[in-house]
Amino acid sequence: MSTSAHGTTETARSFFDDNSKPQTLQVKLKQTGEALEAFLDDKRGRGRPVVCITAGGTAVPLEANTVRTIDNFSTGRRGAVSAEQFIARGYGVIYLGREGCAAPFARRFQELVSNHVDLKFMDKLVLGDTRRVELGTEAAASTAKEGIVSGSGGAVTEVDERLVETLVAYKDAVESNSLLSISFVSLEEYLWCLRMVSRCMDRMGRHGMLFLAAAVSDFHIPSHKLREHKIDSSRGVRGDASSGLTLHLDEVPKCLGMIGEEWAPDCFRISFKLETDLERLLPKARAALKRYGMHVVVGNELHSRYDKVELIFPDGAERQIKKARGVGHVIEEALVEALAQEHFNYIAEGGGVGRGV
Ligand code: PAZ
């Protein structure tokens, strides 16, 4: 596989030329495409910026009739929290998220009640009293330890207040038509959706932003090489040294460069780079910036990713963003604030190309 930017784009282009879309995906793209165009035209009419956020990990199937997949660690939280932050700043958000991962607003519900979803909780919901979620004694005690409950025993707790706040924030997002959600599971589905959304985003020009936080697999089995049926384990288990399963995975075509080169050249483009070895983080993030024509690359290390990230810019500038001290803060507040500011500068520059790209 070529490592030059041009060669990389050629390889990515041939992925879309060589692989026909499965029928179900064709239907999905058609339906989603119509909703997407209406969403973007509405934002353009109102002069609102739009960000497409990708989040969660892609699954790589091992069989065409998929039973087994290779998956990755991403929880989708970075994208989900960032979506809430962008909406609070007036953006329209297209959320391209992995099915089953954290989703904007819904993830707050999960975080707040995950230890408290029991039959008492269900009874309260069924009884229709959403403001008075009575926490069981044990659950209340453990929640109090975490400092999120101000009362218990049937009183309206801080957890309740935050659930209500979340519902209100979500209702506002729905009523202001600020969120369009598209889900994916497989790598193939993700790449086709990314191409469709990026091409549609092109109409936003500089008012569009791509915030590419999904963890996309680097290796896969191309669809024409997939076995049709479930891999037969009994064929491999022979009790000799050759038993087991050997897989060959091809490299996934790098599609990020196509966004700037073809799909949405005027949109503001941010990609994320995750490493587990800190020594490699900045060199790899700088290389990604050049290779894929990004306006910003956000570098982060696996275990510290919710505490600090590094922003890398094409003019050589680098900036660290940290989570604010104190309870209840999330790093995405500062991250989205910084990126939205960069985006507004880019819009204001107008006409030409962006900061150093
Ligand atoms: O999804 P999450 O909140 O668990 O983690 C976020 C992240 C680390 C997947 C994201 O910040 C990121 O770096 N995405 C790009 C990963 C990559 O280098 O492929």
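Begin by selecting Ile-53 in this predicted model. Ile-53 stands opposite Phe-211 in E6. Next, extend the selection to strand E1, residues 50–55, and strand E6, residues 208–212. These two strands pair in the parallel sense, and 5 bridges join them.

**The sheet**

Now colour the whole sheet to which E1 and E6 belong. Its 8 strands follow the order E5-E4-E1-E6-E9-E10-E11-E12. The sheet is open, and its pairing is mixed. Which strands stand at the edges? They are strand E5 (179–184) and strand E12 (318–322). Each has a single partner strand, so one side of each is left without a neighbour in the sheet. On average, neighbouring strands of this sheet are turned by 15° against each other, direction ignored.

**A helix across the sheet**

Select helix H12, residues 331–349. H12 lies across several strands: E6, E9, E10 (296–301), E11 (308–312) and E12. Relative to E12, helix H12 runs at about 145°.

**H12 and H3**

Keep H12 visible and add helix H3, residues 77–88. The axes of the two helices come within 9 Å and cross at roughly 60°. H3 and H12 are therefore oblique to each other, and their crossing is right-handed. To display the contact, select Arg-78, Val-81, Ser-82, Gln-85 and Phe-86 on the H3 side. On the H12 side, select Glu-332, Glu-333, Leu-335 and Val-336. Colouring the residues of this contact by class gives 4 nonpolar, 2 polar and 3 charged.

**The ligand**

Leave H3 in view and select the ligand with the 13 residues around it. Which of these residues come nearest? They are Thr-75, Arg-77, Arg-78, Phe-272 and Leu-274. H3 and strand E9 (268–275) are the elements that give two or more residues to this shell. E9 gives the most, with 3 residues. By class, the shell consists of 5 nonpolar, 4 polar and 4 charged residues.

**H2 and H8**

For the final stop, select helix H2, residues 23–46, and helix H8, residues 187–201. Their axes are 10 Å apart, and the helices pack at an angle of about 30°. That angle makes H2 roughly parallel to H8, since angles under 35 degrees count as roughly parallel. The crossing of H2 and H8 is right-handed. In H2, display Leu-25, Leu-29, Gly-33, Leu-36, Glu-37 and Leu-40. These residues meet Glu-189, Trp-192, Met-196, Val-197 and Cys-200 in H8. How many residues of each class does the contact of H2 with H8 have? There are 8 nonpolar, 1 polar and 2 charged residues.

Key
Residues are numbered from 1 along each chain as its sequence is written. This is a predicted model: local features need pLDDT of at least 70, side-chain atom pairs count only at pLDDT 80 or more; totals for chains, interfaces and linings use all residues. Axes are lines fitted to C-alpha atoms, for helices over the stretch in contact, and angles run from 0 to 180 degrees between N-to-C directions. Helices (H or I, at least four residues) and strands (E, at least two) are DSSP runs, numbered from the N terminus. Angles under 35 degrees count as roughly parallel, over 145 as roughly antiparallel, 65 to 115 as roughly perpendicular and the rest as oblique. A crossing is left-handed if the near helix is turned anticlockwise from the far one by less than a right angle, and right-handed if clockwise. Two residues are in contact if their C-beta atoms, placed from the backbone, lie within 7 Å. Ala, Val, Leu, Ile, Met, Phe, Trp, Tyr, Cys and Pro count as nonpolar, Asp, Glu, Lys and Arg as charged, and the others, Gly among them, as polar. A residue is near a molecule or strand if its C-beta atom, placed from the backbone, lies within 6 Å of it. Two strands pair if DSSP finds at least two bridges between them.
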